[in-house]
Amino acid sequence: MQGTGQLKKDFGNELKVVMIDEEGLEEKLYESLKKHELPDYFLYTGVGGARNWLNLDESRTFPVARKLKALLEENLVSIVKFIPTGMNLASIGVGNGEKERIILNGLIKKNEEEAKSESEEEKEAFGSGRNRKIHYYPIDINSRMVDIALEKVKDLPVEKKGIVGFIEEMPFLKKYWHLPVLFCILGNTFCNYEPDFILKLVGENLESGDLFMFDAHIFPTLEGSDEAKSVRNKVLATYSSRENALFNMYPLLYYGMAPEDFEFELLLSHVESETGPLYSTHKTLQILNDTEIRVGPGTLKFKEGDVIKMGFTYKYTFEQISTFLNKGGFEILRKFLSEDRTNAIILARKHL
Ligand SMILES: C[S@@+](CC[C@H](N)C(=O)[O-])C[C@H]1O[C@@H](n2cnc3c(N)ncnc32)[C@H](O)[C@@H]1O
């Protein structure tokens, strides 16, 4: 997945670094589908992928990222208190960049307030807080999302550089950052990765002065209680909604597969983990009739009964996330839970 790291576009005075060869994505899709796999990042690619995610995020039946945004807004003041002045913001999987605008507004306000309270001697010695320009890096695999996120903050006094790249390429992405950074993964994206993988990746690529913030839609307790059953049913309803099904079916529909030739199946089941059993979604596309589609370099033939494997979402309890973080070398500085304990924002740093 290694990119080119070339600077491709001047966005006014904001540069955008493009590390993904978008044309090459179609070939990757072809290779994946040949193995009967459709990794979730393909759902977000191209003009259609950006539009589909933005529509899904607005749909009544899929409030996952929206509820996390509400939690961020409710707790912004406390979150910002824990972020030292002078931190830059790098946010990956930025989507439309709404949450980042909220965070940046909080950070700018904090800088300004600190600048007001500084003595003349402090200003002379360390520079005014007002002059500590925040650097902002909206990062996404979809170039259009990066454009939207840049546009969203065009009136804010921050230095901007959009990056089109994969999170998996974090060692290359971070070459563009001014340190220290608040590194964010928002919109429940953390839960789409194996916890060991994502924590190792983030841990290896953050410096000791950096902070890590992510959000997650979680389970309040494990199986057994009525509360857990009710959350389980809601999760199933959300993820098997028509809107989410269409979002997941889009790549095959786009390449011409007829809707009656396949269906989206979503299961929610327990999987074992080092922190005990946890819930995971299992998504597949089930081929109902022999069919073929043309994708990029070739034609793909599917037979009735074939199953195309897709990505997953883990549904942790807060305690499970906390154990994974601890094992992965992170300490939680602050946690913010919704009243019903189904949404969480976590601010962490690497163990010193
Ligand atoms: C669930 S959306 C979350 C968007 C936004 N952060 C929010 O909270 O609404 C996931 C975002 O991550 C991007 N994305 C998906 N896979 C990615 C990857 N491997 N690397 C970087 N970005 C990715 C998608 O294009 C999309 O914008």
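**Helix ends, strand pairing and the ligand shell**

Helix α1 is followed by H36, whose phi is positive, near 60°. This residue belongs to the loop between α1 and β3. H36 is not a glycine, yet its phi is positive. Most residues other than glycine have a negative phi. H36 counts as partly exposed because 15 C-beta neighbours lie inside 10 Å. The model described here is predicted. In α1 itself, the 13 residues 22-34 should span 18 Å at 1.5 Å a residue. The end C-alpha atoms of α1 are 19 Å apart, in agreement with that value.

The chain holds 11 helices and 16 strands. Its radius of gyration is 21 Å, close to the 20 Å that the globule rule gives for 352 residues, so the chain is as compact as a globular protein of that length. Along the principal axes, the C-alpha atoms fill a box of roughly 75 × 50 × 35 Å. Of the 352 residues, 36% count as buried.

Helix α10 covers residues 242-254. Its 13 residues should span 18 Å, and its end C-alpha atoms are 17 Å apart, which agrees. The helix is kinked by about 45° at N248. The proline P251 follows shortly after the kink. Both N248 and P251 are buried, as are N244, F247 and L252. An α-helix has 3.6 residues a turn, so residues three or four places apart point the same way. Beyond the helix comes G256, with a positive phi near 100°.

Strand β13 (residues 307-310) pairs with two strands. Two bridges join it to β3 (residues 37-38), and this pair runs parallel. Here L38 has M310 as its bridge partner. Three bridges link β13 to β10 (residues 278-287) in the antiparallel sense. In this second pairing, K309 of β13 is the bridge partner of T284. In a regular strand the side chains alternate between the two faces of the sheet. The side chains of β13 do alternate. I308 and M310 point to one face and are buried. V307 and K309 point to the other face and are not buried.

Strands β15 (residues 330-337) and β16 (residues 343-350) run antiparallel, joined by seven bridges. E331 stands opposite R349 of β16. Five residues lie between the strands of this hairpin, and R341 takes a positive phi near 55°. A344 is found in β16. With 22 C-beta neighbours inside 10 Å, A344 counts as buried. Its C-alpha atom is separated by 29 Å from that of E159, 185 residues away along the chain.

Two further loops have backbone features of note. L179 and P180 are joined by a cis peptide bond, with omega about -5°. P180 is placed in the loop between α7 (170-173) and β7 (181-185). Most peptide bonds are trans. The loop between β7 and α8 (195-205) contains N188. N188 is not a glycine but has a positive phi of about 70°. N188 counts as buried because it has 22 C-beta neighbours inside 10 Å.

The ligand has 20 residues around it. Y44, A65, G93, G95 and G187 come nearest. By type, the shell divides into 11 nonpolar, five polar and four charged residues.

Notes
Residues numbered from 1 in each chain as written. Predicted model: local features only at pLDDT ≥ 70, side-chain atom pairs only at ≥ 80, totals over all residues. Helix = DSSP H or I, 4+ residues; strand = E, 2+ residues; numbered from the N terminus. Expected span 1.5 Å × (residues − 1). Bend = angle between axes of the 7 residues up to and from the residue. Buried ≥ 20, exposed ≤ 12 C-beta atoms within 10 Å, placed from the backbone. Pairing = 2+ DSSP bridges. Near = placed C-beta within 6 Å. Nonpolar A, V, L, I, M, F, W, Y, C, P; charged D, E, K, R; others polar. Rg over C-alpha atoms; globule rule 2.2 N^0.38 Å.
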